[in-house]
Each structure stands twice: as structure tokens, then as C-alpha cells.
Amino acid sequence: MKKTIFAAMLATTAAIAAVPAQARDQINIVGSSTVYPFATVVAERFGRATGNPTPTIESTGSGGGLKLFCDGIGENTPDITNSSSYIKQSQFDACAEKGIDIIEVKIGYDGIAFANSRQSDKIDVSRKDLFLALAAHVPGDKEGELIENPYQTWKDVNSSLPATKIRVLGPPPTSGTRAAFVELVMEKGCSEISWIKDLKSSDKSKWEEVCGSMREDGAFVEAGENDNLIVQKLDADPSSFGIFGYSFLDQNSDKLQGASFDGVDISFDNIADGSYPVSRPLHFFVKKQHIGVIPGIMEYVNTFLSNAAQSEDGYLAEKGLIPLSGVELQKMRADVNAQKVLNM
């Protein structure tokens, strides 16, 4: 009798285990702090329009988001990750190892602001100025010589800049904004020095180290993924500068001002026409295997690409996003609706 009861219990347990757990009914999104405010407003619109639960969105940074996203397939992993820098080959490979197919969604463009408080003077900088101010090592007196960064004030870097102490609040290495700043500012600035530029072809890893390593002596401060916190600190300390996306500058233009790069101001129009040199596309990436399992994913994506969101006077433009052009938008819609998988 005992054996019969035990066998029945085993059979019941096996039957329960064979039934898959009910999928989440709420979309789970992680990733970039820059994309976060855009994703939040789209999520709210999506929830109201469809009646589906409003997606949960966590600001983890682009790198942190992709790490979570590529951890596997299943309801305990994110459906979408936002990114302010393009996916790296190593990140793509990590997803591929877990059998994840990725659908890329470009949502628009953003500029990287180098900003300070309106209580201080506005400055005009070059990318070389910022490399010399923020790099861990800079050229010495002899060609090929690198020394620990000795510059203490902006005037030490460029005589036309103010004699205030160099202090810049910026994002951590996990941030897409940090990766884009290194690529668009630090690497461009260091390549204006001829022998460092030549180093790229002879020793690329060394070139990347020289151009991408930031100071750790207090001149550059990693202020975390919360761009709003950087804004608050700049308002409290007018002598400091901060690095973050244009949308945060636009939303805080009563308190902050963006520096010019070689005479070009950061503005919606200058980012849109490509004249502002420190700009980048913004993306999110969708886990194809979750489409049709987690309800509403395609509807959420299409809400992001709708005319109401993407037009020049749409609600995302009001938040500071530079929307996709007509041709780009049409192509992105077609690729998404075909569920085109990213290949690298």
C-alpha cells in the first residue's frame, strides 16, 4: 500500500514538473540610463493604449543591461535592453552562446553634452582639450613619451580656458555614454597628436589604453548611472562639469549649459544635421525568443516607432530625442515587423 501511494506521489510530481510555468504578462526592460526616460514615456503610452501592464524598466547602464539580457532565455531574464552604444562583438557572442536571437531597434539620435552650471561661464572646447584634461597619461616633452597627467586647471590645458580646477563628473565603464564619450571625444582628441595616431596601426591595444584610460586622481569622478544625480551635483558645484546625454541637458536647461565643441553648440538642430561632433545613435535590442511568449512586445516596439513618438513634434522629441528620418524610420519599421535578426 505504501509503495502504491509513493508511486502515485511521484507520478503527480512529474506531471506538475512537465507543465511550463505561466509566462510573465509584463514586459521587463533593462539598460541605458540615457534611453531610460524615452522608454519610460513610451511604456506609459503603451500601457494606456493597449490595456497591457506598463513594462517595468530598470536603469542598469548599457553594459549592465546587455549582461543581464544575454544571460539566457526565459521569464527570469529581460525581454529588452536599452543601449546608448552599439552592441560589441563580445556581447553579441555572449548572447549567441545562450541561443538568443537579437532584433535591433534604432530609435533616434542623441548628443553627448559636456555641461556646467549656468552660474559659471560657458566654455568652448576641442576634443584634444578634453583628452589632455581627462586622460590618465598624456604626452611628455619628447615624442613617444607618456607621463602621468600633470594638468590641474583648464588653463594648464589651453590658455584660453578658465583657471579653474579640472573636475568632471562622468559615467562608469558600464555606461554606453562612457563608451561613446571615449570613442567620440577621447580617441578623436588623442589622435590629433600625430605619434599617438600612428600608434593605432602599430600597437592598437596600446593606443586604446592611452586614448581610453581616464584619470583616477580626482579630476575625473565616476558618478554612477544616475544622470539626474550628476545634474544635481553640477547645480551645487558651479566649478564642475558633467558628461551626459543631450536630453538631460534639455530637461535642465534652466540650470545647466552645454559647452561648445570647436564653436558648435549642442542643440536639437545641430545634432539632427550632424554638425555637432559628439552625437550617437540610440538603440534597444529585443530577445526574439520572447516575442509571442511575453505578451505585448511587438506592440511596445511599434509604439516606439509610431508617428506620435517619432515625428519632429512628437512626444519623444519633446523629451530631447532626435527622431529618425523618414527613410530610416520606414526601414526600421520594415525590419522590425519582419523580425529581422541581427548578424555581426
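This passage describes the predicted model of the protein, moving from its overall build to its cores, its aromatic pairs and two of its helices.

The model holds 16 helices and 13 strands. Its C-alpha atoms fill a box of roughly 90 × 45 × 40 Å along the principal axes. Of the 344 residues in the protein, 49% are buried. Contacts across the sequence are well represented: among those between residues at least 6 apart, 75% join residues at least 24 apart.

Confidence comes next. The average pLDDT of the protein is 90, and 94% of the residues score at least 70. Among the elements, strand 1 (residues 28-31) has the highest mean pLDDT, at 98, whereas helix 1 (residues 2-18) has the lowest, at 39. The pLDDT is below 50 over residues 1-21, and this stretch has one contact in the model beyond near neighbours in sequence.

Turning to the interior, the largest nonpolar core has 53 residues. The members that touch the most others are Phe114, Phe131, Leu134, Trp154, Phe181, Ile196 and Phe244. Helix 7 (residues 176-190) gives the most to this core, contributing six residues. Ile196 offers a good view of the packing: with residues up to four places away in sequence left out, Ile196 touches Phe131, Pro139, Cys190, Trp207, Val210 and Cys211. Another core lies apart from this one and has 33 residues, including Leu305, Ala309, Tyr315 and Leu321.

Aromatic rings deserve a paragraph of their own. Nine aromatic pairs are found in a search of the whole structure. One of them joins Tyr86 and Phe285 edge-to-face, with 6.1 Å from centre to centre and 70° between the planes. The two partners are 199 residues apart, Tyr86 in the loop between strand 3 (80-83) and helix 4 (89-97) and Phe285 in strand 13 (residues 279-287). Their surroundings are not alike: Tyr86 counts as partly exposed because its relative accessibility is 38%, while Phe285, with a relative accessible area of 0%, is buried. A second pair, Phe284 with Phe304, has ring centres 5.1 Å apart and planes at 45°, so this pair is tilted. Here the link runs from strand 13, which holds Phe284, to helix 13 (residues 297-304), which holds Phe304, with the two positions 20 residues apart in sequence. Both Phe284 and Phe304 are buried. These two rings also belong to a cluster, in which ring pairs link Phe46, Phe284, Tyr300 and Phe304.

Charged side chains meet aromatic faces as well. Arg45 lies over the face of Tyr315, 3.9 Å from the ring centre. Lys287 is placed over the face of Phe69, in this case at 4.8 Å from the ring centre.

Helix 2 (residues 36-50) brings several of these threads together. The helix has 15 residues and reaches 21 Å from its first C-alpha to its last, close to the 21 Å expected at 1.5 Å a residue. Its buried residues are Phe38, Ala39, Val41, Val42, Ala43, Phe46 and Gly47. They pack against strand 2 (56-57), strand 3, helix 11 (246-251), strand 13, helix 13 and helix 15 (315-318). Just after helix 2, Gly51 takes a positive phi of about 80°.

Within helix 2, Val41 can be followed in detail. Val41 counts as buried because its relative accessibility is 13%, and the cut-off for burial is under 20%. Apart from neighbours within four places in sequence, Val41 is in contact with Tyr315, Leu316 and Lys319. Tyr315, one of these contacts, is also the residue whose ring face lies under Arg45, and Tyr315 is among the members of the 33-residue core. Val41 and Phe304 are 9.5 Å apart in space, C-alpha to C-alpha, although 263 residues separate them in sequence.

Phe304 leads back to helix 13, one of the elements against which the buried residues of helix 2 pack. Six of the eight residues of helix 13 are buried, so this helix is largely enclosed by the rest of the structure. The buried residues are Ile297, Met298, Tyr300, Val301, Thr303 and Phe304. Tyr300 and Phe304 are also members of the aromatic cluster, where they are linked with Phe46 and Phe284.

Technical notes
Residues numbered from 1 in each chain as written. Heavy atoms only, no water. pLDDT = per-residue confidence, 0-100. Helix = DSSP H or I, 4+ residues; strand = E, 2+ residues; numbered from the N terminus. Contact = heavy atoms within 4.5 Å. Core = buried A, V, L, I, M, F, W, Y, C linked by side-chain atoms within 4.5 Å. Buried < 20%, exposed > 50% of the residue type's maximum accessible area, 1.4 Å probe, protein only. Phe/Tyr/Trp six-rings, centres within 6.5 Å; stacked < 30°, edge-to-face > 60°. Lys NZ or Arg CZ within 6 Å of the ring centre and 35° of its normal. Expected span 1.5 Å × (residues − 1).
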